[in-house]
Amino acid sequence: MTWQTVVTEPSQLGESPFWHPQEELLYWVDIPARQILRANVFTGTLERWTMPTEPGCIAPARSGGLVIALRDGMYRATTWGGELKLLQHFDHDTATTRFNDGKADPLGRFWAGTMYEPRDRAEAELFSLDCRNAQAGGPPVLERKAGGAVIANGLAWSPDASTVYWSDTTRHVIYAWDWDAASNAMTRRRVFRQLPGKPDGWKTGLPGYGGRPDGAAVDSQGNYYSAMFEGRRLLKFAPTGELLADIPVPVQCPTMPCFGGADLQTLYLTTACHGRPAAELAAMPLSGCVFSMRVEVPGLPVNFFVD
């Protein structure tokens, strides 16, 4: 299990990667740079698309293009570089709150969570937007699914679509709920995994801290992969919450994994360099790059947004 660097141009804060199976391209966002990126990992071609505000997350759309969560709401673009059409505006204070981690669910709804940037209050929420009746002229259905977090992250579903995962990065906790896909009901919230907090005074290069749960992905056996920001590792948990693997990564701040390639046995990983100490970046010059690793168990394909 060896990491390869597949995109050498660093992102400030790479997030929300997905593999597009028809296009055979890897997509992700660079949040502070306000860009959506896509790369042909075979030829090395990299494209960037600048957004008007920070893109927290993206998902491919079944009818083409992307659905995008920007700072103030969810938008739709039918083509790469095309016009952004507002799907749902949100009334949160955009001076302190923006969208963060999200993706489409197995039935085609778009989910996105927010983060409260001062990080001193648990005001982050998780929403789902259902646009599946749009062609029949019906309105979008917006639901608030969870709240009480500081930074929404770690969204993923089990292979049988019976469990949804969501994490609060600041509190170092990953939650799980029973989920009914048809009704979109979440029940029986529980702590899937509580990770140790950050010790007072900890700095890069010191022992004693394993990072906090950032973005996540699930494989075909239901194992949950969590990128541990500042922990320089990727953790693999069984559906029971048991730790199966602690995978070192080449940089301090991994942000989110996804599975790709024709066989879904390539694990991609975005990372960050934004705001990191100069000594850390000097020691880890690949910070912000995208990495890949071949794995034995295939992942789940990306879910497409349906409108």
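In the predicted model, valine 173 lies in strand β16, which spans residues 173-180. Valine 173 has a relative accessibility of 2% and therefore counts as buried, the cut-off for that class being under 20%. Beyond the residues up to four places away in sequence, valine 173 touches Ser167, Asp168, Val191, Arg193, Gln194 and Pro213. The separation between valine 173 and asparagine 153 was also computed: the two residues are 20 positions apart in sequence, and their C-alpha atoms are 10.0 Å apart in space.

A buried position is also found in strand β23, which comprises residues 266-271 and includes threonine 270. The relative accessible area of threonine 270 is 1%, so this residue is classed as buried. The side chain of threonine 270 makes a polar contact with the side chain of threonine 255, at 2.7 Å. Threonine 255 also appears among the contacts of threonine 270 once neighbours within four places in sequence are left aside; the others are Gly14, Glu15, Pro17, Trp28, Pro254, Met256, Cys289 and Val290.

Gly14, Glu15 and Pro17, which are in contact with threonine 270, fall within the residue range 14-20 of strand β2, the strand that holds serine 16. Serine 16 has a phi near 55°, a positive value in a residue other than glycine. With a relative accessible area of 3%, serine 16 is buried.

A positive phi is likewise computed for arginine 119, a residue other than glycine, with a value near 60°. Whereas serine 16 is placed in a strand, arginine 119 lies in the loop between β11 (110-116) and β12 (124-130). Arginine 119 has a relative accessible area of 47% and is therefore partly exposed, since the exposed class requires over 50%.

Strand β11, which precedes this loop, pairs with β10 in the antiparallel sense over 6 bridges. Within this pairing, phenylalanine 99 has threonine 114 of β11 as its bridge partner. The two strands, β10 and β11, form a hairpin with 5 residues between them. Glycine 108, located in the turn, has a positive phi of about 100°. Strand β10 covers residues 97-104 and is mostly covered, with 8 of its 8 residues buried.

Key:
Residues are numbered from 1 along each chain as its sequence is written. This is a predicted model: local features need pLDDT of at least 70, side-chain atom pairs count only at pLDDT 80 or more; totals for chains, interfaces and linings use all residues. Side-chain values use heavy atoms; hydrogens and water are left out. Helices (H or I, at least four residues) and strands (E, at least two) are DSSP runs, numbered from the N terminus. Buried means under 20% relative accessible area, exposed over 50%, partly exposed in between (1.4 Å probe, protein chains only). Contact means heavy atoms within 4.5 Å. Two strands pair if DSSP finds at least two bridges between them. A polar contact is a pair of N or O atoms within 3.5 Å; within protein, one must be able to donate a hydrogen and the other to accept it, and residues adjacent in sequence count only if both atoms are side-chain atoms.
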